[in-house]
Amino acid sequence: MTAQFPEPSPRPVPPGGIRASHDDREAVVERLRDAAAEGRIDFDELDSRLELALTAKTHGELDFLTADLPVPHSASAAASATSSSSAAGSRSPLVLRGGMFGASLGPGRWDVPGHVIAHGGVGGVTLDFTRVECRLAEVVVEAYAEASGVTVVIPDGWVADTSGIDPGVGGLTDKTTSDRLPGTPLIRLTGSGTMGGVVIRHPNKRERRKLDIA
């Protein structure tokens, strides 16, 4: 008769020993880039921390890289954005990253979710709503300008609430009007201008000519 032995119980995981995922590492990378854009760490230190973040195996290793950084401003903004976006739609946020070469969305037609997150990175991000059809009452645009900035273009008749954004060093430029047409969404702008700055405006003359031709 074969002896039966109890299954070994799993070993307790020490604090910080939970294995990190790709999303965990990417979140720390973005936080480090924001810190460099704000002048909290220099770019040499950013490079060394990024290398460690991308090869980190556990949450403890990642926490060590951000232990001397303040809690990101996005924590409070995200709470507001989450409640706003849940009222506007339950889809996952649309995330744009400028990276090294920049990113843009529009002015063609695209499906607008209730929550858009834009990271300017080094190349910058442009978010153009001028040709979209949006039935949402409100769209949250969470903009982090980082090094090169975020530009948001909205049609005439749309309005923006920019009270939830931290201008940072780069500042906020709001060139929109307060004349809201019935049935148009409110663009609720949150996030931070960091170094590159955030701009929200209506189409300029060149863009208007293109709209007239199309």
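**Notebook: a sheet, a cis proline and two odd phi values**

Started with Glu-146, which is buried, with a relative accessible area of 4%. The cut-off I'm using for buried is under 20% relative accessible area, so Glu-146 qualifies. I should jot down that this is a predicted model.

Where does Glu-146 lie? I found Glu-146 in the loop between strand 5 (138–144) and strand 6. I also checked its backbone: Glu-146 has a positive phi of about 55°, and it is not a glycine.

Next I looked up Thr-194. Its phi is positive too, at about 35°, although Thr-194 is not a glycine. Buried or exposed, I wondered about Thr-194? Thr-194 counts as buried, because its relative accessibility is 4% and the limit for buried is under 20%. Its place is the loop between strand 9 (186–192) and strand 10 (198–201).

Then I turned to the sheet. How many strands form the open sheet, and in what order? I get 5 strands, and reading across the sheet they go 2-4-6-10-8. The pairing is parallel. At the edges I have strand 2 (103–105) and strand 8 (172–175), each of which pairs on one side only. I looked up the twist as well: neighbouring strands of this sheet are turned against each other by 5° on average, with direction ignored.

I went through some of the pairings, beginning at the strand 2 edge. Strand 2 and strand 4 run parallel and are joined by 3 bridges. To find a spot on the model, I picked Ala-103, which stands opposite Val-125 in strand 4.

One step further across the sheet, I looked at strand 4 (residues 125–128) and strand 6 (residues 150–153). These two pair in the parallel sense over 4 bridges. Which residue in strand 6 is the bridge partner of Leu-127? I noted Val-152 for Leu-127. For Asp-128, the bridge partner in strand 6 is Val-153.

Last entry: a peptide bond to look at. Which residues does the cis peptide bond join? I have Gly-106 and Pro-107, with omega at about 15°. Pro-107 has its place in the loop between strand 2 and strand 3 (115–119), and strand 2 is the edge strand I noted above.

To wrap up the loops: I put Pro-107 between strands 2 and 3, Glu-146 between strands 5 and 6, and Thr-194 between strands 9 and 10.

Methods
Residues are numbered from 1 along each chain as its sequence is written. This is a predicted model: local features need pLDDT of at least 70, side-chain atom pairs count only at pLDDT 80 or more; totals for chains, interfaces and linings use all residues. Side-chain values use heavy atoms; hydrogens and water are left out. Two strands pair if DSSP finds at least two bridges between them. Axes are lines fitted to C-alpha atoms, for helices over the stretch in contact, and angles run from 0 to 180 degrees between N-to-C directions. Buried means under 20% relative accessible area, exposed over 50%, partly exposed in between (1.4 Å probe, protein chains only).
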